[in-house]
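This report was prepared for a reader who wishes to go through one structural model element by element. The model is presented here, followed by the commentary.

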Amino acid sequence: MSALSIPAEFFPMNERDLDAVAALEATLQTFPWSRGNFADSLTAGYSVWVLRVGGELIGFSVVMRVIDEAHLLTIGICKRYQGQGYGARMLRHAMECARLGGASKLFLEVRPSNERAVELYRHFGFRQIGLRKGYYPAVIGREDALIFDKELA
């Protein structure tokens with residue numbers, strides 16, 4: 001049985017997911033979002049989702065919508081499941097939720113050093129529209145952010 005034949009299900013993130021999501025985020029990022037960041041996203045009414053495979057929480061996304069635009073604030077897939085198509089599923093789901101919520105365009109920032117993510121976004125038709133100098137904290141100094149967008153309509 002291939003990994004993608006195991007049922008993968010999306011669920012709206014809720015309070016009970018916060019500890020698991022924050023723990024997963026901490027395994028993915030050197031400078032992770034805190035549990036409070038995810039809780040604030042829930043409180044703010046952002047589109048926040050988790051992905052479960054066989055009941056196990058393996059991914060998440062947070063999208064902020066403003067009028068007819070959306071901003072992918074964070075997305076992550078458990079390292080053990082990366083490279084198996086789950087990141088693409090999570091991104092597709094985030095884009096569809098944004099579109100159904102009335103957004104015609106989705107924006108995001110990504111570290112240039114996150115080559116896998118940059119490749120995924122480009123594969124899905126995102127285009128680089130700018131650069132934010134020193135946007136991300138880094139082990140030494142700061143790292144720039146590539147700004148991408150994609151039309152959703």
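The sections below treat the pocket, a helix, the aromatic residues, the cysteines and selected single positions.

## Basis of the report

The structure is a predicted model. Every value given here is therefore computed from a prediction, and local features are reported where pLDDT is at least 70.

## The largest pocket

The largest pocket encloses about 1000 Å³ of space. Six elements each give two or more residues to its lining: the helices α1 (18–28), α3 and α4 (115–123), together with the strands β4 (69–77), β5 (105–110) and β6 (127–137). Of these, β4 makes the largest contribution to the lining, with seven residues.

In total, 35 residues line the largest pocket, and those nearest its centre are Gln29, Ile75, Asn114, Ala117 and Tyr121. By residue class, the lining comprises 18 nonpolar, eleven polar and six charged residues. Tyr121, one of the residues nearest the centre of this pocket, has a relative accessibility of 6% and therefore counts as buried, the limit being 20%.

## Helix α3

Helix α3 covers residues 86–100, which makes 15 residues. From the first C-alpha to the last, α3 reaches 21 Å, close to the 21 Å expected at 1.5 Å a residue. Helix α3 is also among the elements that give two or more residues to the lining of the largest pocket.

The buried residues of α3 are Tyr86, Ala88, Met90, Leu91, His93, Ala94, Met95, Cys97 and Ala98. After the helix comes Gly102, which has a positive phi near 105 degrees. Gly102 and Leu146 are 44 residues apart along the chain, and their C-alpha atoms are separated by 25 Å. Leu146 belongs to strand β7 (residues 142–151) and is buried, with a relative accessible area of 11%.

## Aromatic residues

The structure contains six aromatic pairs. In one of them, Tyr81 and Tyr86 have ring centres 5.6 Å apart and ring planes at 80 degrees; because this angle is over 60 degrees, the pair is edge-to-face. Both Tyr81 and Tyr86 are buried. A further edge-to-face pair is formed by Tyr121 and Phe126, with 5.6 Å from centre to centre and 65 degrees between the planes. Phe126 is buried at 4% relative accessibility, and its partner Tyr121 is buried at 6%.

Trp33, Phe38 and Phe60 form one aromatic cluster. Within this cluster, Trp33 is located in the loop between α1 and α2 (35–44). Trp33 counts as partly exposed because its relative accessibility of 22% falls between the limits of 20% and 50%. The C-alpha atoms of Trp33 and Ala22 are 7.0 Å apart in space, and the two residues are eleven apart in sequence.

## Cysteines

How many disulfides does a search of the whole structure find? The search finds zero disulfides. For context, a disulfide is a covalent bond between the sulfur atoms of two cysteines.

Cys78 has a relative accessibility of 12% and is therefore buried, since the limit is 20%. Cys97, listed among the buried residues of α3, has a relative accessible area of 14%.

## The end of β3 and the loop that follows

Val66 lies in strand β3 (residues 56–66). With a relative accessible area of 47%, Val66 is partly exposed. Val66 and Gly101 are separated by 35 residues in sequence, and their C-alpha atoms lie 9.8 Å apart in space.

Is Ile67 buried or exposed? Its relative accessibility is 77%, so Ile67 counts as exposed, the threshold being over 50%. Ile67 is situated in the loop between β3 and β4. The phi of Ile67 is positive, near 55 degrees, in a residue other than glycine. The strand β4, at the other side of this loop, is the element that gives the largest share of the lining of the largest pocket.

Methods. Residues are numbered from 1 along each chain as its sequence is written. This is a predicted model: local features need pLDDT of at least 70, side-chain atom pairs count only at pLDDT 80 or more; totals for chains, interfaces and linings use all residues. Side-chain values use heavy atoms; hydrogens and water are left out. A disulfide is a pair of cysteine sulfur atoms within 2.5 Å. Buried means under 20% relative accessible area, exposed over 50%, partly exposed in between (1.4 Å probe, protein chains only). Helices (H or I, at least four residues) and strands (E, at least two) are DSSP runs, numbered from the N terminus. The expected span of a helix is 1.5 Å times one less than its number of residues. On a 1 Å grid over the protein atoms alone, a cavity is a set of points where a 1.4 Å probe fits but cannot get out, and a pocket is an open set with protein on both sides within 12 Å along at least five of seven lines; lining residues have an atom within 4 Å of a point. Grid points are joined across faces, edges and corners, and a volume is the space filled by probe spheres set on the points. Ala, Val, Leu, Ile, Met, Phe, Trp, Tyr, Cys and Pro count as nonpolar, Asp, Glu, Lys and Arg as charged, and the others, Gly among them, as polar. Rings of Phe, Tyr and Trp (its six-membered ring) pair if their centres lie within 6.5 Å; planes under 30 degrees apart count as stacked, over 60 as edge-to-face and the rest as tilted.
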